[in-house]
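Visitor: I should like to take a close look at one part of this structure, and then to see how the rest is arranged around the other elements. Please treat the matter in one connected account.

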Amino acid sequence: MSLPPSIALVTSLFLQLTACTVPLCFGLERRGHSSARVLLAMGIFYAGELMQEPLRRTAIGSSTPLLMFTFAITLFTAFVAVLLVWRISPWQALFCCTAGYIGQNLISGTNNLIATLLVAAGKPMLPWPSTPLVASAIVYPFYLWLFVRLVRQHNLADISEPQIILAALVVVATVIGLDVVIKGLGAEVMGMEPYLMARLAHGVLCGFTLFSEQKILATRQLATEREVERRMAAERERQYQLSRKNIDAINVKCHDIKHRIRSLADGGHVADGRALEDLASEIAIYDSAVKTENPALDVILTEKGLVCSGEKITLAVIADGRALECLEPQEIYSLFGNALDNAIEAVRGIEEPERRLISLNVRRSGTMCVINVENSCDAAPAFRDGVPVTTKADAGSHGFGTRSMRGIVERHGGVLTFGCEDGIFHVDALLPMA
């Protein structure tokens, strides 16, 4: 295939930059009329590159700052193109573009290395696009596996302004700058050994910059998750206190009403005996507080027992609340509240009434407390790092409950595991009582 050099260079740059940037944007919300916007974004990028290509050729070997400026323009046009297609913040777009540009720079540098080695060996240059394709085949799988895969496990919404500006400056001033210097001097001026060392340094710098961007994202998400978990713990504490007071008040009222019904039935007053029995049975649902010798566990089991009763779900409980003395009341409320909420949500979708079952067991085993929660399920969930992956559409905003459960158990030196076999999903915790 034969193309004018300027068209070949721009096409290679466009394809490489697109291949490195677009995977980072997968899963993000697209703007309306996305096909037209994609074509417009491609047109803007191509037009910008073709317009500055003569300036770039002039700057090669004569003005490094001017050459770096042209590559900064490339970064800006890519930034505009991403904002045109995806409904994301400027900081998210800048993250994707800087990371994608580093990946493209790695491919471009490898392409330059292959061409230099061919010349040094006296071999003919490969026709376009053979060398760029070989360079992409070498670099791209590592870029996808070691960077894109990790980035997509995080939430791009956590990106903040200062870190991304710093990353952009690093990209323009060091990674691209070093690549420009190496390409401008070449092995002819530098010598083969210094050239190879410079190429190695450039690759290491690219890898370090990608690692830094991934760590920025991971650190921001960790801070966000900790803040969400802190708020959830505070909300659980508030819910626990409120539920405890409400359940105590309801039990007192229901107990009084039952005594009045019994007094009416025994006193011979005119009343339908069966109707009184039915009323007493209905009230008994609210007066049947679970007694495990642990007030916090009693509250959450009574509360979830009422939910299960209303949902026609069978909740079977065998619990020795004294085994949970190592946990604070709000930790008990949060741990069992999250476990039972997840179980209820899973069982709620089962149509057969006889399969709408949840069982909870808390017992002592030597000096350890053993907790087991099981529920029926129609399909086994997917697992990541031993934790079930949320099936909700907005995965980034969910899954905090299971992480909170694991955090509570591990904070007390215990182990929490999840599993699913033969249509039964189970949560198992083992933690020391002391």
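At what angle do helix 1 and helix 4 pack, and how far apart are their axes?

Guide: The model is a predicted one, and its chain has a mean pLDDT of 81, with 78% of the residues reaching 70 or more. Helix 1 (residues 5-25) packs against helix 4 at an angle of about 135 degrees, and the two axes are 8 Å apart. Helix 1 is therefore oblique to helix 4. The crossing of this pair is right-handed. From helix 1, the contact draws on Leu 13, Gln 16, Leu 17, Cys 20, Thr 21, Leu 24 and Cys 25. These meet Cys 96, Cys 97, Ala 99, Gly 100, Tyr 101, Gly 103, Gln 104, Ile 107 and Ser 108 of helix 4. By class, the contact of helix 1 with helix 4 comprises 10 nonpolar residues, six polar ones and no charged residue.

Helix 4 (residues 90-120) has a further partner in helix 5 (residues 130-151): their axes come within 8 Å and cross at roughly 150 degrees. The crossing of helix 4 and helix 5 is right-handed. On the side of helix 4, the residues in contact are Phe 95, Ala 99, Gly 100, Gly 103, Leu 106, Ile 107, Thr 110, Asn 111, Ile 114 and Ala 115. On the side of helix 5 they are Thr 131, Pro 132, Val 134, Ala 135, Ser 136, Ile 138, Val 139, Tyr 143, Phe 147 and Val 151. The contact of helix 4 with helix 5 divides into 14 nonpolar and six polar residues, with no charged residue. Ala 99, Gly 100, Gly 103 and Ile 107 of helix 4 appear in the contact with helix 1 and also in the contact with helix 5.

Later in the chain there is an open sheet of five strands, in the order 1-2-3-7-6 and with mixed pairing. Its edges are strand 1 (314-319) and strand 6, each of which pairs on one side only. Neighbouring strands of the sheet are turned by 10 degrees against each other on average, direction ignored. At one edge, strand 1 runs parallel to strand 2 (residues 357-365), and six bridges join them; Thr 314 stands opposite Leu 357 of strand 2. At the other edge, strand 6 (residues 415-421) and strand 7 (residues 424-432) pair in the antiparallel sense over seven bridges. Within that pairing, Gly 419 has His 426 of strand 7 as its bridge partner. The hairpin of strand 6 and strand 7 has two residues between the strands, and Asp 422 there takes a positive phi near 55 degrees.

Two helices lie across this sheet. Helix 10 lies across strand 1, strand 2 and strand 3, and runs at about 20 degrees to strand 3. Helix 11 lies across strand 6 and strand 7, running at about 135 degrees to strand 6. Helix 10 (residues 329-348) and helix 11 (residues 400-411) also pack against each other, at an angle of about 140 degrees and with axes 9 Å apart. Helix 10 is therefore oblique to helix 11, and the crossing of the two is left-handed. In this contact, Glu 331, Ser 334, Leu 335, Asn 338, Ala 339 and Asn 342 of helix 10 meet Gly 401, Thr 402, Ser 404, Met 405, Ile 408, Val 409 and Arg 411 of helix 11. The residues of this contact divide into five nonpolar, six polar and two charged.

As to confidence, strand 3 (residues 368-376) has the highest mean pLDDT among the elements of the chain, 95, whereas helix 8 (residues 273-287) has the lowest, 54.

Notes:
Residues are numbered from 1 along each chain as its sequence is written. This is a predicted model: local features need pLDDT of at least 70, side-chain atom pairs count only at pLDDT 80 or more; totals for chains, interfaces and linings use all residues. Side-chain values use heavy atoms; hydrogens and water are left out. Axes are lines fitted to C-alpha atoms, for helices over the stretch in contact, and angles run from 0 to 180 degrees between N-to-C directions. Helices (H or I, at least four residues) and strands (E, at least two) are DSSP runs, numbered from the N terminus. Angles under 35 degrees count as roughly parallel, over 145 as roughly antiparallel, 65 to 115 as roughly perpendicular and the rest as oblique. A crossing is left-handed if the near helix is turned anticlockwise from the far one by less than a right angle, and right-handed if clockwise. Contact means heavy atoms within 4.5 Å. Ala, Val, Leu, Ile, Met, Phe, Trp, Tyr, Cys and Pro count as nonpolar, Asp, Glu, Lys and Arg as charged, and the others, Gly among them, as polar. Two strands pair if DSSP finds at least two bridges between them. pLDDT is the predictor's confidence in each residue, from 0 to 100.
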